[in-house]
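This report looks at one pocket and at the contacts made by aromatic rings. Please keep the sequence and the model at hand while reading.

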Amino acid sequence: MNKLELPVVEFTTEQMEFRKEVRTFLENERAKGTFESKCDSWLSGYDTEFSKKIGSKGWIGMTWPRKYGGSEKSAIERYIVIEELLAIGAPVAAHWFADRQTGPLFLRFGTEKQKQFFLPKITEGSCYFSIGLSEPNSGSDLASISSKAEKTEGGWILNGAKTWTSGAQHSHYMVVLCRTSPKDTNNRHDGMSQLIVDLKSPGVSIRPIQFLTGEEHFNEVFFENVFVPEGNLVGKEGNGWKQSMAELAYERSGPERILSTYPLLEELVKIVRENKDIQGMKEAMKLVARLNSYRLMSIGIAQYLEEGRDVAIAAALVKDLGTKFEKSIAETARLIISSTPSVHSVKQFEKYLAQSILHSPGFTLRGGTTEILRGIVTKGMIAG
Ligand SMILES: Cc1cc2nc3c(=O)[nH]c(=O)nc-3n(C[C@H](O)[C@H](O)[C@H](O)COP(=O)(O)OP(=O)(O)OC[C@H]3O[C@@H](n4cnc5c(N)ncnc54)[C@H](O)[C@@H]3O)c2cc1C
């Protein structure tokens with residue numbers, strides 16, 4: 001069980017003061033009309049001006065070294081900022097992936113040149129990345145990818161396709177996992193590399209896929225003889241699988257796997273309180289209790305990540321529990337309050353409910369499906 005043991009993190013007085021500062025800033029920004037709160041804002045709230053504003057506060061790449069534009073804060077301070085941004089439903093999608101995983105990937109595996117070039121731009125909130133893992137025939141079985149890059153003078157020529165790529169239509173770059181040597185049937189994880197692809201390069205085409213809301217968040221991306229300079233290789237050639245797997249702990253354990261529908265929960269509690277609906281309040285409080293447990297686990301993982309511990313199994317567990325929880329907020333809200341959910345409604349509750357219902361099919365898929373996560377947890381527990 002020790003792989004699932006997590007520390008209980010208690011916030012210091014300074015950290016609680018910092019949370020107040022972040023919350024007040026965000027509430028003032030919303031009151032000024034800088035943004036409108038929405039559910040699942042880390043996928044769908046795209047606002048480059050807001051990202052730059054957050055960057056200027058030092059709230060992107062918060063834990064990164066100052067020499068690369070970071071603020072050298074702790075993982076817990078970063079957690080506080082992320083939690084407050086998600087809880088208020090702020091538009092953070094533009095910089096989200098670069099802050100959460102591309103920056104940490106570069107810090108761990110990138111060249112000095114890559115760090116100096118990309119990280120300060122990311123922390124400013126002006127350089128956006130998307131994650132190029134899934135392909136039309138390779139989702140859960142990621143090792144079966146067929147996008148491939150062949151060596152040419154000064155770099156690679158990339159051919160292939162990615163799909164479900166969140167935010168690619170707005171991003172400057174994508175980190176693409178591709179084959180740089182043919183598949184070895186004895187070890188299918190060998191021979192893959194990660195390349196930084198400038199999405200403005202000739203040969204890249206991006207086709208958005210419409211969401212159930214009618215909006216466009218993720219995409220099909222095609223690479224046709226795209227030249228990628230050799231300096232854009234991340235880490236070691238052939239080490240792409242290991243590097244991509246290392247990213248997943250950042251991708252799976254964060255508060256975004258618990259809080260995608262939090263604005264709806266807050267609205268639900270407000271309404272049942274106003275209606276003096278005792279039964280409704282009981283149901284809402286069950287959600288609040290679950291939220292508190294998952295949150296403690298997720299904060300514990302943030303602490304362990306900072307200490308450099310392997311949290312892959314605990315992160316898979318939190319993602320499984322958290323994403324089902326996010327869905328159940330929408331289900332409970334729908335049953336307690338009689339309403340007509342619509343993304344165009346003027347009533348906040350109906351708008352949040354519609355956003356949550358229409359986005360929730362993706363919660364348990366993105367970042368690894370429930371079945372895959374349970375496989376990881378089970379194998380980890382058996383291995384002891
Ligand atoms: C909103 C959203 C955003 C996304 N953004 C990105 C992104 O930015 N970048 C990116 O690379 N990808 C992204 N994805 C893709 C996501 O990672 C994949 O959808 C996911 O990995 C599953 O792959 P798949 O869709 O091909 O389903 P499949 O792998 O085909 O799975 C279909 C079903 O079969 C089950 N299944 C598959 N294999 C097994 C097995 N071995 N045992 C038991 N059950 C199994 C799965 O659990 C699932 O229920 C996004 C997805 C969504 C929904």
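Which element gives the most to the lining of the second largest pocket? In this predicted model, that element is α8, with seven residues. The elements that give two or more residues to this lining are α1 (13-32), α4 (75-87), α8 (262-274), α9 (278-306) and α11 (348-359). The pocket has a volume of about 600 Å³ and is lined by 25 residues, with Arg 23, Glu 84, Ala 87, Tyr 262 and Glu 266 lying nearest its centre. By character, the lining divides into 11 nonpolar, four polar and 10 charged residues.

Aromatic contacts form the second topic. The structure holds 15 aromatic pairs, including the two in this table.

| Pair | Centre to centre | Angle between planes | Class |
|---|---|---|---|
| Phe 106 and Phe 129 | 5.5 Å | 80° | edge-to-face |
| Tyr 294 and Phe 325 | 5.7 Å | 75° | edge-to-face |

Because Phe 106 lies in helix α5 (residues 93-109) and Phe 129 in strand β1 (residues 129-132), their pair ties together parts that are 23 residues apart in sequence. Phe 106 counts as buried at 0% relative accessibility, and Phe 129 is also buried, with a relative accessible area of 1%. Ring pairs link these two residues with Phe 117, Phe 118 and Tyr 173 into a cluster.

Tyr 294 lies in helix α9 and Phe 325 in helix α10 (residues 312-336), so this pair ties together parts that are 31 residues apart in sequence; both residues are buried.

Rings also meet charges: the charged end of Lys 57 sits over the ring of Phe 25, 4.5 Å from its centre, while that of Arg 309 sits over the ring of Tyr 304, 4.1 Å from its centre.

Conventions. Residues numbered from 1 in each chain as written. Predicted model: local features only at pLDDT ≥ 70, side-chain atom pairs only at ≥ 80, totals over all residues. Heavy atoms only, no water. 1 Å grid on protein atoms, 1.4 Å probe; cavity = no way out; pocket = protein on both sides within 12 Å on 5 of 7 lines; lining within 4 Å. Points joined across faces, edges and corners; volume = space filled by probe spheres on them. Helix = DSSP H or I, 4+ residues; strand = E, 2+ residues; numbered from the N terminus. Nonpolar A, V, L, I, M, F, W, Y, C, P; charged D, E, K, R; others polar. Phe/Tyr/Trp six-rings, centres within 6.5 Å; stacked < 30°, edge-to-face > 60°. Buried < 20%, exposed > 50% of the residue type's maximum accessible area, 1.4 Å probe, protein only. Lys NZ or Arg CZ within 6 Å of the ring centre and 35° of its normal.
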